[in-house]
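Visitor: Could you pick one part of this model and take me through it closely? I'd enjoy a walk that begins at the side chains and then works outward.

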Amino acid sequence: MIKTVNRVLLGLAGLVLVVVGGAVLATGLGLSVPSWWPWDGTDDVLLSKGDRTKWRDEGWWWPAVIAALAVLVVLALWWLLAQLRRGRLAEVLVDSGDGEGAVLRGRALEGALGDEAGTLDGVSDAKVTLTGRRTAPRARVRLMMEPHAAPGSALRGLSEGALTHARTSAGLEELPTEVRLKAVKHRAERVS
């Protein structure tokens, strides 16, 4: 999601800058511009003194400017925090019983959980992502189901097998899990 938002925002900002910059450059070079274009000559300025001071005496002007800038600051802070947030859990804290604990790599637990979930009947592939905090991880599992698979038995097998093993091996009291099922695309069978 973050990558998509970044690409869309950067693309829109780039498009606006290229269009406005190209139009101002065309005007500055003396090329013909449409009649509705606000600048029409090489000696024209982007903002005249009248344009800059036009709304200062209006009562709504400064609250509108401050509100717009506040919205921009909030959006910029949201974007910055989204960049700093990790999508995956790097490590899981395991209680080793000696009071110090041990650290388990998140990718290792994802791999073990995904490999075991992939062996379930009717599951052709399993992808696992760990999120949350290192003391309270959460799992997102995506199961690619074969055409003959029964979703209920696959979910039961995942819950009673792979998730239980992951929870007990990492010493976790609970491992909240979101499971998404997706059917594998297959060719139509021929009947003769």
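Guide: Happily! Let's begin with Arg180, which forms a salt bridge with Glu178, their closest N and O atoms being 2.8 Å apart. The term stands for a side-chain nitrogen of Lys or Arg within 4 Å of a carboxyl oxygen of Asp or Glu. Before we go on, a word on the ground rules: this is a predicted model, in which local features need pLDDT of at least 70 and side-chain atom pairs count only at pLDDT 80 or more, while totals for chains, interfaces and linings use all residues. Numbering runs from 1 along each chain as its sequence is written, and side-chain values use heavy atoms, with hydrogens and water left out.

Back to our pair. Arg180 is exposed, at a relative accessible area of 55%, whereas Glu178 is partly exposed at 35%. Those words follow fixed cut-offs: buried means under 20% relative accessible area, exposed over 50%, and partly exposed in between, using a 1.4 Å probe and protein chains only.

The salt-bridge rule gives a count of three. Another of them joins Glu91 to Arg134, with 2.3 Å between the closest N and O atoms. Glu91 sits in strand E1 (residues 91-94) and Arg134 in the loop between E3 and E4, so this pair ties together parts that are 43 residues apart in sequence. The labels come from DSSP runs numbered from the N terminus: helices are H or I runs of at least four residues, and strands are E runs of at least two. Both partners are partly exposed, Glu91 at 29% relative accessibility and Arg134 at 35%. Asp125 and Lys127 form a salt bridge too, and here the closest N and O atoms are 3.4 Å apart. Asp125 is partly exposed at 30%, as is Lys127 at 44%.

Now step back to the sheet. It is open, has three strands in the order E3-E4-E5, and its pairing is mixed. Its edge strands, each pairing on one side only, are E3 (123-132) and E5 (177-183). Neighbouring strands are turned by 15 degrees against each other on average, direction ignored. Two strands count as paired if DSSP finds at least two bridges between them. In general, strands of a sheet pair through backbone hydrogen bonds, either parallel or antiparallel.

You can see each kind here. E3 and E4 (residues 137-145) pair in the antiparallel sense over nine bridges, and Val123 stands opposite Met145 in E4. Helix H4 (residues 106-118) packs on the sheet, where it touches E3 and E4, and its direction makes about 150 degrees with that of E3. Contact here means heavy atoms within 4.5 Å. The angles run from 0 to 180 degrees between N-to-C directions, with axes taken as lines fitted to C-alpha atoms, for helices over the stretch in contact.

On the other flank of E4, seven bridges join E4 to E5, and these two strands run parallel. If you want a register mark, Thr177 in E5 is the bridge partner of Ala139. Helix H5 (residues 151-169) lies across E3, E4 and E5, running at about 140 degrees to E5. E4, H5 and E5 together make a right-handed β-α-β unit. Right-handed means that, with the strands pointing away from the viewer, the path from the first strand over the helix to the second runs clockwise.

One more stop takes us back to strand E1, where Val94 has its place. Val94 is buried, with a relative accessible area of 15%. Leaving aside neighbours within four places in sequence, Val94 is in contact with Gly101, Ala102, Leu104, Ser169 and Ala170. There is also a long-range approach to look for: the C-alpha atoms of Val94 and Gly171 are separated by 5.9 Å, although these residues are 77 residues apart along the chain.

So ends the walk, with the salt bridge of Arg180 and Glu178 as its starting point and buried Val94 as its last stop.
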